[in-house]
Amino acid sequence: MSDRDEVIAAIPAFQRARVLVAGDVMLDRYWVGPTGRISPEAPVPVVRIQKDETRPGGAANVALNIASLGGVVQLLGVVGRDEAAGKLREALIAKQVLPTFTETASCPTITKLRVLSRNQQLIRLDFEESLAVAGAFNREDYLASFKTALADCSVVILSDYGKGTLADAALMIAAARAANRPVLVDPKGSDWRPYRGATLITPNLSELEAVVGPCPDDATIVAKGTKLRDELGIDALLVTRSENGMTLLAPNQPPLHLPTVAREVFDVTGAGDTVIATFGAALAAGHDFGHAARIANLAAGIVVGKLGTATVTQSELLRAIRRQHEDDSAVLAEDELLERVRAAQAQGQVIVMTNGCFDLLHVGHVRYLEAARRLGDVLIVAVNTDDSVKRLKGPTRPLNNTDDRMRMLASLKCVDWVVPFSEDTPLRLITAVLPDLLVKGGDYRPEQVAGHDVVSANGGQVVILDFHPGYSTTRIIERARG
């Protein structure tokens with residue numbers, strides 16, 4: 001697929017997503033205040049702390065992102081027997097995340113303290129001990145909790161920050177795949193053999209290059225990424241590339257390069273968490289890799305405009321989608337149309353569809369299309385291609401080519417999406433779309449309309465609208481020639 005990406009029609013039905021997140025949980029702590037002088041003790045700024053804020057971080061931030069989108073999420077992690085664990089648990093429950101923690105007396109809850117002034121991070125202090133050492137926590141109990149939790153999810157996310165919680169990643173992936181659960185991995189380090197057999201891995205470009213070597217351009221990313229994907233026996237690779245967007249290498253599909261949609265980059269902290277969380281939630285809601293990647297790319301563009309570890313809401317995604325619609329053409333290829341339709345239907349939107357040649361667009365057409373649009377939430381106009389029009393209208397038609405006719409229709413406020421079809425009737429396209437309402441103008445009975453049977457069988461309805469008298473493309477042509 002080309003770098004031009006179709007615009008997303010609607011967000012997935014995230015409330016249907018049930019996701020299990022396992023990995024390195026931590027508490028992100030922020031001390032914030034003004035600074036106006038240098039310490040007399042050392043050449044460092046003095047910050048007068050006015051705000052102390054805590055947020056779940058690491059794998060916990062992945063879980064928060066899913067909950068923020070409306071998904072159901074359970075989180076498995078390892079914490080110490082300390083105050084930080086209590087704060088982490090309390091914060092997660094308040095955000096509708098179900099925490100299932102394995103406690104250890106050997107290590108503290110991983111805590112990262114950031115000191116900020118004037119929206120700038122001055123220093124970060126980490127409180128942690130490695131969970132990778134033998135005996136740091138009960139790995140058997142953690143693995144048993146993971147296997148039990150598989151029954152209540154449809155997608156698994158392993159969030160690896162290299163702290164040791166996922167020391168048994170290979171066993172976890174095997175258990176999840178045996179239970180027929182897709183496994184998404186946010187990797188760490190340069191040895192990805194423990195992730196063998198995962199469904200999808202989501203490295204950033206630096207992480208990928210640490211494994212495969214320099215990737216200076218798209219072609220190298222595709223070549224080396226595909227080779228690595230095949231060597232590890234994973235289904236797909238999603239590479240996040242900062243200002244260059246992201247690249248999806250999915251099975252039996254051409255590489256999908258998605259340009260960044262960020263309007264302003266303020267802080268990239270936690271952006272990878274948002275990407276894998278949104279991708280996983282979209283996948284759990286029933287969408288394919290391509291659509292999940294597009295939604296994740298949109299979410300990443302939002303979250304980098306926020307300070308620190310942050311989440312994205314459904315309303316923010318909807319606003320971003322509307323912005324894309326403002327900037328992007330409504331003229332679509334058929335595969336693009338079908339993906340938008342499925343996303344819109346998942347949101348409960350009523351899909352209206354009509355078709356025609358629309359050779360000379362006149363006010364009668366406009367009034368008819370406006371009436372059709374009022375019947376639902378989205379209006380699709382299917383347009384006969386030039387060869388199709390010639391077969392129907394004769395060798396002197398059309399007067400305007402397919403692209404021009406579709407562009408004119410797309411400029412109308414009442415028209416959401418325009419798509420061409422090359423057959424004499426749109427029956428095949430209607431069968432693929434399955435609109436809620438199939439609209440036709442003129443003196444027809446519903447059973448005479450192409451596609452009426454498949455729409456009705458799917459629970460839809462055929463609606464006949466009157467054409468406005470006095471308007472006809474043929475009559476306009478005759479007057480012009482007269």
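**Briefing: helices, sheet and selected residues of a predicted model**

P216 counts as exposed because its relative accessibility is 68%, exposed meaning over 50%, buried under 20% and partly exposed in between, with a 1.4 Å probe and protein chains only. This is a predicted model, in which local features need pLDDT of at least 70, side-chain atom pairs count only at pLDDT 80 or more, and totals for chains, interfaces and linings use all residues. Residues are numbered from 1 along each chain as its sequence is written, and side-chain values use heavy atoms, with hydrogens and water left out.

**Whole chain**
- The chain has 16 helices and 20 strands; these are DSSP runs, helices being H or I of at least four residues and strands E of at least two, numbered from the N terminus.
- Of the 482 residues of the chain, 51% are buried.
- About 21600 Å² of the chain is exposed, and carbon and sulfur atoms supply 50% of that area; accessible areas come from the Shrake-Rupley method with a 1.4 Å probe, and for residues only the protein chains shown count as cover.
- Among contacts in the chain with a separation of 6 or more, 70% come from residues 24 or more positions apart; contact means heavy atoms within 4.5 Å.

**The nine-strand sheet and helix α7**
- An open sheet of 9 strands runs in the order β7-β6-β1-β10-β11-β12-β13-β14-β15, with mixed pairing; two strands pair if DSSP finds at least two bridges between them.
- β7 (97–104) and β15 stand at the edges with a single partner strand each, so one side of each has no neighbour in the sheet.
- β1 (residues 18–23) pairs with β6 (residues 72–80) in the parallel sense over 5 bridges, and V21 stands opposite L75 in β6.
- Helix α7 (residues 271–284) lies across β1, β10 (155–159), β11 (183–186), β12, β13 and β14, at about 175° to β11; axes are lines fitted to C-alpha atoms, for helices over the stretch in contact, and angles run from 0 to 180 degrees between N-to-C directions.
- Of the 14 residues of α7, 13 are buried.
- The end C-alpha atoms of α7 are 20 Å apart, which agrees with the 20 Å expected for 14 residues at 1.5 Å a residue; the expected span is 1.5 Å times one less than the number of residues.
- G286 follows α7 and has a positive phi, near 105°.

**Helix α6 and the loop before it**
- P216 lies in the loop between α5 and α6, and its C-alpha atom is separated by 9.9 Å from that of L205, 11 residues apart along the chain.
- The 15 residues of α6 (residues 218–232) should span 21 Å, and the end C-alpha atoms are 21 Å apart, which agrees.
- The buried residues of α6 are T220, I221, V222, G225, L228, R229 and L232.
- Their cover includes β12 (200–201), α5 (205–212), β13 (236–240), β14 (246–249) and β15 (256–258).
- G233, just after α6, takes a positive phi of about 70°.

**Strand β2 and its partners**
- β2 (residues 25–32) pairs with β5 (residues 51–58) in the antiparallel sense over 8 bridges; D28 has R55 as its bridge partner in β5.
- β2 also pairs with β8 (residues 111–117), in the parallel sense over 6 bridges; Y30 stands opposite R114 in β8.

**D359**
- D359 sits in the loop between β16 (351–356) and α11 (363–373) and is buried, with a relative accessible area of 3%.
- The side chains of D359 and R397 are joined by a polar contact of 2.7 Å; a polar contact is a pair of N or O atoms within 3.5 Å, and within protein one must be able to donate a hydrogen and the other to accept it, while residues adjacent in sequence count only if both atoms are side-chain atoms.
- The D359 side chain also reaches the backbone nitrogen of L399 at 2.8 Å.
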